Amino acid sequence: MSCGARKPAGMATVAVAANFKTTLDLLKADFEATSSYELETVVGSTGKLYAQIVHGAPYDIFLAADQARPSQLVTDGAAQQNLQITYALGRVLLWRAEGPDFAVDALFGTDVRRIAMANPELAPYGRAAQQIIRAIDPSSVLAPKLVLGENVGQAFAFVATGNAQFGFVSEAQILTLPADRRGGVWRPAAAQYAPIAQDAVLLARAEDNAAAQAFFTYLSRPTARRIIAAQGYDLP
């Protein structure tokens, strides 16, 4: 859809950070089942989606994985004043696709070749992973083993496909897997990374879009909050 294209009445486009994609699918299904509106979604890293919005991408709502970029959009007039909410608090896990839960010392084994993480310049989950790595590896022993994905979805895919033995991912991604395929995890201490507060904004172009306004309101309703919490997020 081009930047100047008009959407059908009753439709809104939601730009969503990769970590929240599966949860948004559940919210979308519930929202569409209980309203007369439809949503289309665009998935990417928070940094990439932010850049697209700045350059005029035709999105109506931005579900970021941080607070800074939504706040900047409000400051710059690209998002509506007083319509910024924290919809979820993300949790980071270190994950391997097979085996039981493990201690973080496993990363330092000589047989470990690749550890996946999202790019910290683009993705808040990558920034959190970077903070955790600095806490557990002050001498930077692990640096040569790190491989970067554009977003946390790619970091997850590296591990799932065997291209990395471990990866820093969101707990929500693990919960999408069948229980017998969730592999093993290590949970970092909360003090090892800054809280991942994920904010949503209603973008300026959606001022007259009833579907976007309805979904933005829906995000704060009890039903939506229950879905979000069940998918591995804390609630603000």
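Reader: What makes up the lining of the second largest cavity, by class?
Author: By class, this lining has one nonpolar, three polar and two charged residues. Ala, Val, Leu, Ile, Met, Phe, Trp, Tyr, Cys and Pro count as nonpolar, Asp, Glu, Lys and Arg as charged, and the others, Gly among them, as polar. The residues are Arg113, Arg114, Gly162, Asn163, Ala164 and Gln165. Arg113 and Arg114 are therefore charged and Ala164 is nonpolar. The model is predicted: local features need pLDDT of at least 70, side-chain atom pairs count only at pLDDT 80 or more, and totals for chains, interfaces and linings use all residues. Residues are numbered from 1 along each chain as its sequence is written, and side-chain values use heavy atoms, with hydrogens and water left out.

Reader: Why is this space called a cavity, and what is its volume?
Author: Its volume is about 40 Å³. On a 1 Å grid over the protein atoms alone, a cavity is a set of points where a 1.4 Å probe fits but cannot get out, and lining residues have an atom within 4 Å of a point. Grid points are joined across faces, edges and corners, and the volume is the space filled by probe spheres set on the points. A search of the whole structure finds two cavities of 30 Å³ or more.

Reader: What lines the largest cavity?
Author: The largest cavity holds about 60 Å³ of space. Among its lining residues are Ala17, Ala18, Asn19, Gly44, Ser45 and Thr46, together with Pro124, Tyr125, Asn151 and Val152. The lining divides into seven nonpolar, five polar and no charged residues.

Reader: What makes the second largest pocket a pocket?
Author: A pocket is an open set with protein on both sides within 12 Å along at least five of seven lines. This one has a volume of about 180 Å³. Helix 1 (21–33), helix 5 and helix 6 (171–175) each supply at least two residues of the lining, and helix 1 gives the largest share, three residues. The lining includes Lys21, Thr22, Thr23, Gly153, Phe156 and Gln173, and it divides into three nonpolar, six polar and one charged.

Reader: How do you know which strands stand at the edges of the sheet with the order 7-6-8-5-9?
Author: This is an open sheet of five strands with mixed pairing. Strand 7 (146–149) and strand 9 (184–186) each have a single partner strand, so they stand at the edges, with one side of each left without a neighbour in the sheet. Neighbouring strands are turned by 35° against each other on average, direction ignored. Strands (E, at least two residues) and helices (H or I, at least four) are DSSP runs, numbered from the N terminus.

Reader: Why do strand 5 and strand 8 count as paired?
Author: Two strands pair if DSSP finds at least two bridges between them. Strand 5 (residues 92–96) and strand 8 (residues 166–170) run antiparallel and are joined by four bridges, so they meet that condition. Leu93, for one, has Val169 in strand 8 as its bridge partner. Helix 5 (residues 152–160) packs on this sheet, touching strand 5, strand 6, strand 7 and strand 8, and its direction makes about 140° with that of strand 8.

Reader: Why are helix 2 and helix 3 called roughly parallel?
Author: Helix 2 (residues 46–54) and helix 3 (residues 68–75) pack at an angle of about 10°, with their axes 10 Å apart. Axes are lines fitted to C-alpha atoms, for helices over the stretch in contact, and angles run from 0 to 180 degrees between N-to-C directions. Angles under 35 degrees count as roughly parallel, over 145 as roughly antiparallel, 65 to 115 as roughly perpendicular and the rest as oblique. The two helices are therefore roughly parallel.

Reader: Which residues of helix 2 and helix 3 meet?
Author: Thr46, Gly47, Tyr50, Ile53 and Val54 in helix 2 meet Arg69, Gln72 and Leu73 in helix 3, contact being heavy atoms within 4.5 Å. These residues divide into four nonpolar, three polar and one charged.

Reader: What makes strand 2 and strand 4 the edge strands of the other open sheet, 2-1-3-10-4?
Author: That sheet has five strands and mixed pairing. Strand 2 (38–44) and strand 4 (79–90) each pair on one side only. The twist averages 20° from one strand to the next. Strand 1 (residues 11–17) pairs with strand 2 in the parallel sense over seven bridges.
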